[in-house]
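Q: Please take a close look at one part of this structure and walk me through it. I am new to it, so a connected account would help more than a list.

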Amino acid sequence: MPNDFEKKSALLNLLDKSYQADGMQIFIGQESGYQALDECSVITAPYHANGEVLGTIGVIGPTRMAYERVIPIVDITAKLLSNSIQLITSKVYKNVVGLTIPDKTMDRLTCKKRWSRFSSLKKNVDNVWNE
């Protein structure tokens, strides 16, 4: 019988595999290749922004679960999260930074204005989070 450490290690390894793979991953019982997860199923999907995988979300459950319900939920959740992150980051870059990152060719006044807009947005976000 695997101990808690073995279960956590196996799960982390499985999530790492999922992170590096394309698309949804479904591991049912012994298919995971980890003895500690023989009685579990793991369904994962990556979420990303700007073409880069940022993480993996998933569901861990018994080998007998309603796969026909869980698989679409994991898939849609990952897509919604990806779209939300993409939308937020694109709006921040478009509205705050102005689609260009300050570089050596940009004058100091332009840099100060953009930094000021970014600082204002950060204060507004901080206020919302602290409410």
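A: Strands β1 and β2 pair in the antiparallel sense, and four bridges hold the pairing. The model described here is a predicted one. β1 covers residues 25-28, and Gln25 is found in it. The bridge partner of Gln25 in β2 is Thr44.

Gln25 can be followed a little further. Its side chain reaches the backbone oxygen of Asp22, at 3.4 Å. Setting aside residues up to four places away in sequence, Gln25 touches Ser18, Val42, Ile43 and Thr44.

On to the other pairing of β2. Strand β2 takes in residues 40-49, and 10 bridges join β2 to β3, the two running antiparallel. Two of the facing pairs can be named: Ser41 stands opposite Gly61 in β3, and Ala49 stands opposite Glu52 in β3. β2 and β3 form a hairpin with two residues between the strands. In that hairpin Asn50 takes a positive phi, near 55°.

Put together, the three strands make an open sheet in the order β1-β2-β3, with antiparallel pairing. β1 and β3, the latter spanning residues 52-62, are the edge strands, and each of them pairs on one side only. From one strand to the next the twist averages 15°. Helix α1, residues 4-20, packs on this sheet and touches β1, β2 and β3. The direction of α1 makes about 135° with that of β3. As for what pairing involves, strands of a sheet pair through backbone hydrogen bonds, and they do so either parallel or antiparallel.

How covered is β2? It is mostly covered, with eight of its 10 residues buried. Ile43, which lies in β2, serves as an example. Ile43 counts as buried because its relative accessibility is 0%, and the cut-off for buried is under 20%.

The contacts of Ile43 show what surrounds it. Leaving out neighbours within four places in sequence, Ile43 is in contact with Met24, Gln25 and Ile26, with Ile57, Gly58 and Val59, and also with Met65, Tyr67, Val70, Ile71 and Val74. Gln25 is thus a contact of Ile43, while Thr44 is the bridge partner of Gln25. There is also a separation to give for Asp75: its C-alpha atom is 9.3 Å from that of Ile43, although the two residues are 32 apart along the chain.

Last, the chain around the sheet. The protein chain has three helices and three strands. Read from the N terminus, its elements run α-β-β-β-α-α. In the whole chain of 131 residues, buried residues make up 23%. Of the contacts between residues at least 6 apart in sequence, 40% join residues at least 24 apart. The accessible surface of the chain comes to about 9,700 Å², and 57% of it belongs to carbon and sulfur atoms.

Methods: Residues are numbered from 1 along each chain as its sequence is written. This is a predicted model: local features need pLDDT of at least 70, side-chain atom pairs count only at pLDDT 80 or more; totals for chains, interfaces and linings use all residues. Side-chain values use heavy atoms; hydrogens and water are left out. Buried means under 20% relative accessible area, exposed over 50%, partly exposed in between (1.4 Å probe, protein chains only). Contact means heavy atoms within 4.5 Å. Accessible areas come from the Shrake-Rupley method with a 1.4 Å probe; for residues, only the protein chains shown count as cover. A polar contact is a pair of N or O atoms within 3.5 Å; within protein, one must be able to donate a hydrogen and the other to accept it, and residues adjacent in sequence count only if both atoms are side-chain atoms. Two strands pair if DSSP finds at least two bridges between them. Axes are lines fitted to C-alpha atoms, for helices over the stretch in contact, and angles run from 0 to 180 degrees between N-to-C directions.
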